[in-house]
Amino acid sequence: MLGLIMTDTHYIGGSAVAGTSGRQQDVYNPATGAVIGSVPLASIDEVNQAVASAKAALAGWAATPPAKRAQVMFNFRDLLKSHHTEIATAISLQHGKTLDDAKGEVARGMEVVEFACGIPHLLKGDYSAQVAGNVDSYSQRQPVGVVAGITPFNFPAMVPMWMFPMALACGNTFILKPSERDPAAPLLLARLLTEAGLPDGCLNVVNGDKEAVDTLLDHPDVGAISFVGSTAIGKYIYGRGCNNGKRVQALCGAKNHMVIMPDADMDQAVDAAMGAAYGSAGERCMAISAVLAVGDDTADRFVAQLAPKVRALKIGQYDEPGVEMGPVITRESQKRVEDYISQGEADGAEVVVDGRGLSLQGYEDGYFVGGTLIDRVTPDMSVYRDEIFGPVLSVLRPKTYEDARQLVIDHEYGNGTAIFTRDGDAARDFAANVNIGMVGVNVPIPVPVAYHSFGGWKASMFGDHAVHGMEGVRFYTKLKTVTARWPSGIKEGAVFNFHSGSDTK
Ligand code: NAD
């Protein structure tokens, strides 16, 4: 059994390593506001040590047959299964999401590990015989080298597992810089990988802030950067990483719309909106934060059915029986979300269910915001334009399907969207014409399964390759094409004997 909460180290060269920078940051339980740990913030030297460790491990790991690399992933997957609840508890305690939700997060990460187990097949190249006289061509995918991942607080296990299983299976070595707000789960994952048989140095975890990130972005030995987080930071990382000649994928912020057509199954749409808007306190990049109810009648029915459910949400700490929603991540986050609600109200929207000022008995110092439903929002309001990242759902009332589609198209973000309808024409038109990376038809959070790829458009992603699926293989490998000519002709009477290599005449 691994120790439950380990946050006060890095993980370099296959071992937990104490921080030496002298800089530490508190880690909180967001449900109580209590400090429950401390995380070291790496210095430039410590990041350099992690890169050196990954570089030293690279040649051996890259030369390991893919089937053997896959065997480590099979072992890792078994360990994830046996430690599922432990990892989920570490997530819930530091992030605040319910235990069921955290278990779901680990399960989604596990699916990427399962996909990575198929790496021998995924790395198979193309071969063309006789591209010219006695000349053959073949392509192969080789690892990029030392690669790094920088990840957000909202999925401290799943988002790192979008990255390192694919990167490692492809033969790279990896440095993870997880969110400093909930570092326990990534450290647990690193320890499990060592237990699974991953050679020391292949996966390193450095905890830290901007100093650690900038060191990775500028380090000449780091060949590629995967980032998931907010758009402002993602843009910065993409620019600086690309300027330094690195391959960069940066998956960023979102404002996901759910279009509800007048013919939609309203019970289904309301249930879908409940989970998609308020699950994980709205702190998901695929959360639905704007409903576009087509026509006033649709909007009236939707709000009337949803409001009582939002009022009835059971809010509390992750391990309370029946709890449906936890706190947001920090005190600042709580204030930011409440300020957005106030601004929406000041701008003329109707706050139908108000989550401001929620105080829960026994958790008075927790960072809770109640489920909030705001109707009659218009496109110019900040509550609609900005990513709020809290349990706040805005309802807009476009008159027609075309008006709704245009709102989706015009929005700055392009991560996910959904349409709820029984009309095949509308659904097909929507899927074909919106400029959004992931589209759901009667599916509220259309997160692709691990063997497809996850990524947004517009300000929701910078870079050319999405994560996992074949896009993940392409991002973490470089394509090499070999064209080979061999001496022409075989000598008369040559024998190629299967049993012995020595009797070719
Ligand atoms: P964030 O951008 O604040 O932090 C992400 C990472 O960047 C962290 O590791 C953090 O330490 C680092 N970082 C923060 N400030 C930095 C700076 N100035 N310079 C260098 N590095 C810095 O994001 P967050 O608050 O942890 O996560 C929430 C955001 O992530 C939301 O915007 C959400 O939409 C987004 N997100 C996107 C996806 C996606 O797939 N598109 C998935 C999950 C989360």
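This report walks through the ligand site, the pocket around it and the enclosed cavities of a predicted model.

## Ground rules

Because the model is predicted, local features need pLDDT of at least 70 and side-chain atom pairs count only at pLDDT 80 or more, while totals for chains, interfaces and linings use all residues. Residues are numbered from 1 along each chain as its sequence is written, and side-chain values use heavy atoms, with hydrogens and water left out.

## Around the ligand

Start with the ligand's neighbours, meaning residues with a heavy atom within 4 Å of it. There are 27 of them, and K177, E180, S230, C252 and E387 come nearest. Sorted by class, that shell holds 15 nonpolar, 7 polar and 5 charged residues. Here Ala, Val, Leu, Ile, Met, Phe, Trp, Tyr, Cys and Pro are nonpolar, Asp, Glu, Lys and Arg are charged, and the others, Gly among them, are polar.

Now for N or O pairs within 3.5 Å, the polar contacts. A side-chain N or O of E387 sits 2.6 Å from a ligand oxygen, and a polar side-chain atom of K177 is 2.7 Å from a ligand oxygen. T151 joins in through its backbone, with a polar atom 2.8 Å from an oxygen of the ligand. On its own the ligand exposes 850 Å², and the protein buries 88% of that (Shrake-Rupley areas, 1.4 Å probe).

## The largest pocket

The ligand takes up the space of the largest pocket; to count as sitting there, more than half of its atoms must lie within 2 Å of the grid points. A pocket is an open set of points on a 1 Å grid over the protein atoms alone, with protein on both sides within 12 Å along at least five of seven lines, and its lining residues have an atom within 4 Å of a point.

This pocket holds about 1000 Å³, the space filled by probe spheres set on the points. Of its 42 lining residues, P152, F153, R181, S230 and I233 are closest to the centre. The lining splits into 19 nonpolar, 12 polar and 11 charged residues, and α9 gives the largest share, 5 residues.

## Closed-off spaces

A cavity is a set of points where a 1.4 Å probe fits but cannot get out. The whole structure has 3 cavities of 30 Å³ or more, the largest at about 110 Å³. Its 16 lining residues include G282, A287, S289, E387 and F389, the closest to its centre. By class, the lining of the largest cavity has 8 nonpolar, 4 polar and 4 charged residues.

Note on methods:
A polar contact is a pair of N or O atoms within 3.5 Å; within protein, one must be able to donate a hydrogen and the other to accept it, and residues adjacent in sequence count only if both atoms are side-chain atoms. Helices (H or I, at least four residues) and strands (E, at least two) are DSSP runs, numbered from the N terminus.
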